[in-house]
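Dear colleague,

Here is the structure for your files. My notes on it follow below.

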Amino acid sequence: MDKIRIFVEQLVALCGVHGAAVPVLRHVLLVLVAVFLAWLSYFLCERILIPVVGRITKRTSAKWDDVLFNRRVLKAACQIIPAVVIWQLLPLVFYQFPVVRELLTRVTAIYITLSTLHLTLVFLNSLRELDIRRSSMQQYLLSFIGVLKIIFIFLALIVVISILINRSPMRLFAGLGATSAILMLVFKDTIEGLVAGVRLTSNDMLHRGDWITVPAANADGTVEEMTLTTVKIRNFDNTIITVSPISLVNGSFQNWTGMQESPGRRVSRKILLDLHSIHFNEDGVTNLTIFRQAVEDYLQAHGAINHDMTMMARLLEASQYGQPLQLYFFLKNKEWVHYEHELAAIMEHVMAMAPEFGLRIYELCPTVGPDGKC
């Protein structure tokens with residue numbers, strides 16, 4: 001630094017400046033040198049460091065370095081370097097103006113603190129892009145990223161306040177012991193959300209990408225994001241619903257992941273048969289027995305049904321609405337549209353079979369005509 005000052009003083013002497021103009025010109029030149037060095041440091045960092053690191057990460061087979069050392073992180077780091085250069089040069093530039101030097105030193109320190117906080121937050125956000133796939137570790141990571149963000153923002157706030165009042169940050173931390181109860185009250189939802197998130201993931205109850213149904217929130221869709229305080233669900237009508245993790249832990253919800261990972265999706269449908277249409281055949285067997293066996297034969301021969309899983313046509317308890325015949329089986333194709341189409345085709349075929357066995361599908365008739373029909 002002394003070499004820079006000596007060089008500037010020699011340059012002033014070569015310009016032939018004398019008298020009261022010498023300190024002014026010297027400080028102007030020192031400010032210009034400091035600004036130039038700060039700009040040069042940022043230019044070299046952006047034009048050399050970022051491309052070099054980018055090439056190195058692309059050549060490696062690992063994917064985590066591409067995420068953690070992406071361009072956003074490196075650019076945020078480059079924004080700190082010019083401030084550090086100015087910080088180092090301030091005692092040289094304003095050595096004759098201690099008040100100005102002290103003021104600019106605090107402003108620069110605050111900028112460095114906020115830039116470091118920005119770098120930390122950008123780096124933590126990059127961690128969310130790590131491809132850990134569907135695992136509990138991913139949910140733990142997302143939860144703790146939220147906690148770390150709050151901690152680093154809180155620390156940066158303490159450091160900025162300590163710079164403004166010219167006190168040691170450790171004294172401020174020591175004084176926070178008495179306000180711990182207030183802090184616990186302020187971060188109550190965050191702490192509860194963290195605990196609920198850990199319970200959800202540690203018990204393997206919920207992950208991002210799961211299809212869940214939450215009756216209390218009228219939610220039926222895919223989990224898009226899990227944070228400390230909210231679980232974002234995209235319904236199948238593309239509306240977004242947010243629920244709190246604590247409500248999922250304390251309440252109830254249905255996770256369809258087990259069905260999606262199973263070899264078949266369950267069908268449990270029933271048709272109501274008119275009790276008056278049930279009668280014996282010539283061999284003493286009822287037409288309902290023959291129809292039920294024919295339905296099972298039809299299901300057994302159907303290619304869309306998984307025959308390795310439970311399959312049956314059974315009678316439920318009769319009621320004033322007729323005799324229920326339940327069809328219980330599993331379809332191989334679990335995708336919603338194909339599932340509904342195949343299910344509809346099967347039920348339509350079974351209902352069309354009933355009249356061939358002398359059975360009528362029950363329907364509520366408000367009035368009956370002379371011919372005995374609705």
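**Strand S3 and its neighbours**

In strand S3 (residues 231-235) the side chains alternate: Val231, Ile233 and Asn235 are buried and point to one face, whereas Lys232 and Arg234 point to the other face and are not buried. This is a predicted model. In a regular strand, side chains alternate between the two faces of the sheet.

S3 has a partner in strand S2 (residues 219-226), with which S3 pairs in the antiparallel sense over five bridges. Across this pairing, Glu225 stands opposite Lys232. S3 is also joined to strand S4 (residues 240-243) by four bridges, and these two strands run antiparallel as well. Here Lys232 stands opposite Thr242 of S4. S3 and S4 form a hairpin with four residues between them. In the turn, Asn238 has a positive phi of about 70°.

**Helices**

Helix H6 (residues 98-127) has 30 residues and, at 1.5 Å a residue, should span 44 Å; the C-alpha atoms at its ends are 43 Å apart, so the expected and computed values agree. The buried residues of H6 are Thr108, Ala109, Ile110, Ile112, Thr113, Ser115, Leu117, Thr120, Val122, Leu124, Ser126 and Leu127.

There is also a nonpolar patch of about 660 Å² on the surface. Phe36, Trp39, Phe43, Leu44, Ile48, Val52 and Ile56 make this patch. Of these residues, Ile56 lies in helix H2 (residues 21-59).

Regards

Key. Residues numbered from 1 in each chain as written. Predicted model: local features only at pLDDT ≥ 70, side-chain atom pairs only at ≥ 80, totals over all residues. Heavy atoms only, no water. Patch = residues over 30% accessible without salt bridge, like charges linked within 9 Å, V, L, I, M, F, W, Y side chains within 5 Å. Areas by Shrake-Rupley, 256 points an atom, 1.4 Å probe, with all protein chains shown as cover. Salt bridge = Lys/Arg side-chain N within 4 Å of Asp/Glu carboxyl O. Expected span 1.5 Å × (residues − 1). Buried < 20%, exposed > 50% of the residue type's maximum accessible area, 1.4 Å probe, protein only. Pairing = 2+ DSSP bridges.
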